[in-house]
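Me: I am new to this structure. Please show me how to read its features one by one.

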Amino acid sequence: MKFGLLIECDKDFSEAIEEATLAERYGYDSVWIAEHHNYDGYVGSVFVALAAIAARTERITVGPYVLIVPFYHPVHVAEDAAILDRIANGRTVLGVGLGYVEQEFASFGIPYRERTSRLEEGVEVIRKLWTGDDVVHEGKHFRFPKTSIYPKPIQKPHPPIWVGAWVPKALQRAARIGDAWVPGPTANLEQLRECYRLYREARRALGKPEREPEIPGAREVFLAPTKEQAWAEGGAPLHQFYKATYLGWPHPFLAGGMDMPVSELFGDRFIVGTPEEAVRQIQRFHHELGLNHLICRMRVPGISREAALASMKLFADEVIPHLADIT
Amino acid sequence: MKFGLIPYQWGHPFQETLEQSVLAEELGYDSIWTVEHHNHPFIYPAPLLVLAAIAARTQRVAIGSYVVVLPLSHPVRVAEEAAQLDLMSNGRFVLGIGVGYVPEENAMFGVPWRERGARMEEEAKIITRLWLEERVTYDGRFFKLDNVGIWPRPVQTPRPRIWVGAWVEAAVRRSARIGDAWVPGPTAGLADLQKCYGWFRDEWQAQGKDPAQAEMVMMREVFCAETAEKAKELGGKHIYRFYEETYFKWDHPLLKRCSYEDLVRDRFIIGTPDQCMRQIERFEKELGFRLDHLLCKMHDPGMAFGDVRNSMKLFAKEVMPHFTSRR
């Protein structure tokens, strides 16, 4: 089993680089950066941030989780991801998503209603440019005469494309355009099971193997030596963060959940507790869903950097060794 | 005078780009520059990503693009990436911009060729405002922004410098309006340089800007070796071949096919340290002013890494001190 870490990018970017190099030293397999625009503590230019991290690491996989493809011309994305793959010497994954903040679409002059068709056409263009020369494209949003990108990615045939999605239509799209579906941390085990069923059914209908070698998924993770400490330093701030965000948003799984009991919100969803509890819970996600690349988000606003770094170390020392051999 | 280096960025291994940049910093060069071309078999397309990797491996040198082909990108994307770079490099970033001169590149991105000048001017204005103001509303010919902000903000105050590459009179004059310096590329001969610097200074003063604040900058092909013969064999020959593969094929405004000797006479800085020194002095004498910053393009495709390192070292040890120590 592989383990990744979602890196927070504060104003002091050297801290992000430090977290990435620590993750590599501790034995994590991947680091990820999310794309958000004009939001304190986040990064809009994920490729630029990842290029810096790639230049300071040697082994670990680096990738956006997720890049909001509809904001960009896909030729730029294909080129940027290929250059990143060169800088990282073949250590990249391209996580892609639709985006959901209307204001961000307006900033880039992209109509919100076009986001699904732009993602789908964008990924098609990216694949074509990564794997072929003199590509001619005539699509709904993009058209260009004979075009090649150079350099091509180091990975052959190309870096994996992981797609974020929740609703049935989006899961079907992920099956169609992606190399893996990558669920976020907000769905519980039961919801994930249903999503996987739809996703795998769609893969089968397309004649693709139901399961890819890598089955990734993101989770909220926070560990401490005792249950009480894990709740105080990680669980309580996480609860507050969910109240301030997803529980108040039109989220497919959490909408209207402001009064959801803590046990229901946390149970089968968050991995918050001692290392022993985490091992059991992750084993369960693995057995039930096949999950074998767990992307951990250990720090949401409200969780201190020191506490998150301690959790990151504890997870590396006492969870990863028990699970690394699972495939 | 300051000295910059355009490091190797023509293919693989990418590692060489980073190692040359690190070596340049050790040798006392003042800045590192990256290029942008699309659809070309050996020129990198993503200058700001390459700079991110270089920024992560250096501490002191300025890092800049020469140039971002601005009309091919959305200004919010460029403003964000530049701000992220300025943050990651602790304020070492310079944004070099140009309109581009290869119509096929515009076709790839669906940007009408005839709009490139007007687009660049509008984009430069938007980028400058996004760096200076928390929230920008803008209603232009190509872009509309409604209360858009960027995060992170650049760290330099008031903002990173903008250097502009341009050739025809209208464009050189535009540089004085939207930029902090006009930067001729290596393709202009002495006569063109004299003419263009004249337009720039004229427009700079017409804008009411202080002539003392204008940085006088120039990029040249530079190659230094122990003997003139070695300089031609190890460096000059490859530069000429590069010109055959690029500028001679493109419809370059200032450069038509010509002989190696023609290029050496009024354009290149090539030869022994003494010859290089005298050529720089000649440029300054003919132009009638002292240069503030000379950007050295030292590694064209085909050159051996070892020969380029030797050229970098010789130039740093025996040519640069002559100009950096003067008052």
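Me: Is Cys9(A) buried or exposed?

Reply: Buried means under 20% relative accessible area, exposed over 50%, and partly exposed in between, with a 1.4 Å probe and protein chains only. Cys9(A) has a relative accessible area of 4%, so Cys9(A) is buried. Keep in mind that this is a predicted model, where local features need pLDDT of at least 70, side-chain atom pairs count only at pLDDT 80 or more, and totals for chains, interfaces and linings use all residues. Residues are numbered from 1 along each chain as its sequence is written, chains are lettered from A and ligands numbered from 1 in the order in which they are written, and side-chain values use heavy atoms, leaving out hydrogens and water.

Me: How many disulfides does the structure hold?

Reply: A disulfide is a covalent bond between the sulfur atoms of two cysteines. Here a disulfide is counted when two cysteine sulfur atoms lie within 2.5 Å. Over all chains the count is zero.

Me: Why is Cys9(A) without a bond?

Reply: The closest cysteine sulfur, in Cys296(A), is 17 Å from that of Cys9(A), so it is too far for a bond. Cys224(B) is in no disulfide either. Its nearest cysteine sulfur, that of Cys276(B), is 4.0 Å away. Cys224(B) is buried, with a relative accessible area of 0%.

Me: How do I read strand E12 of chain B?

Reply: Strands (E, at least two residues) and helices (H or I, at least four) are DSSP runs, numbered from the N terminus. In a regular strand the side chains alternate between the two faces of the sheet. E12(B) covers residues 293–297. His293(B), Leu295(B) and Lys297(B) point one way, while Leu294(B) and Cys296(B) point the other way. Five of the five residues are buried.

Me: Which strands pair with E12(B)?

Reply: Two strands pair if DSSP finds at least two bridges between them. Strand E1 (residues 2–6) of chain B pairs with E12(B) in the parallel sense, over five bridges. Strand E10 (residues 217–224) of chain B also pairs with E12(B) in the parallel sense, over five bridges. Look at Cys296(B) in E12(B): Leu5(B) stands opposite Cys296(B), and Arg220(B) has Cys296(B) as its bridge partner.

Me: How many aromatic pairs are there over all chains?

Reply: A pair of aromatic rings is described by the distance of the centres and the angle of the planes. Rings of Phe, Tyr and Trp (its six-membered ring) pair if their centres lie within 6.5 Å; planes under 30 degrees apart count as stacked, over 60 as edge-to-face and the rest as tilted. The count comes to 41 over all chains. One of them joins Tyr243(B) and Phe248(B), edge-to-face, at 6.3 Å centre to centre and 75 degrees between the planes. Tyr243(B) also forms an edge-to-face pair with Phe268(B), at 5.5 Å and 75 degrees. That pair links distant parts of the chain, 25 residues apart. Tyr243(B) is in helix H8 (residues 228–245), and Phe268(B) is in the loop between helix H9 (260–266) and strand E11 (269–271). Both residues are buried.

Me: Where do charges sit over rings?

Reply: The test is NZ of Lys or CZ of Arg within 6 Å of the ring centre and within 35 degrees of the ring normal. The charged end of Lys313(A) sits over the ring of Tyr26(A), 5.6 Å from its centre. That of Lys209(B) sits over the ring of Trp204(B), 4.5 Å from its centre.
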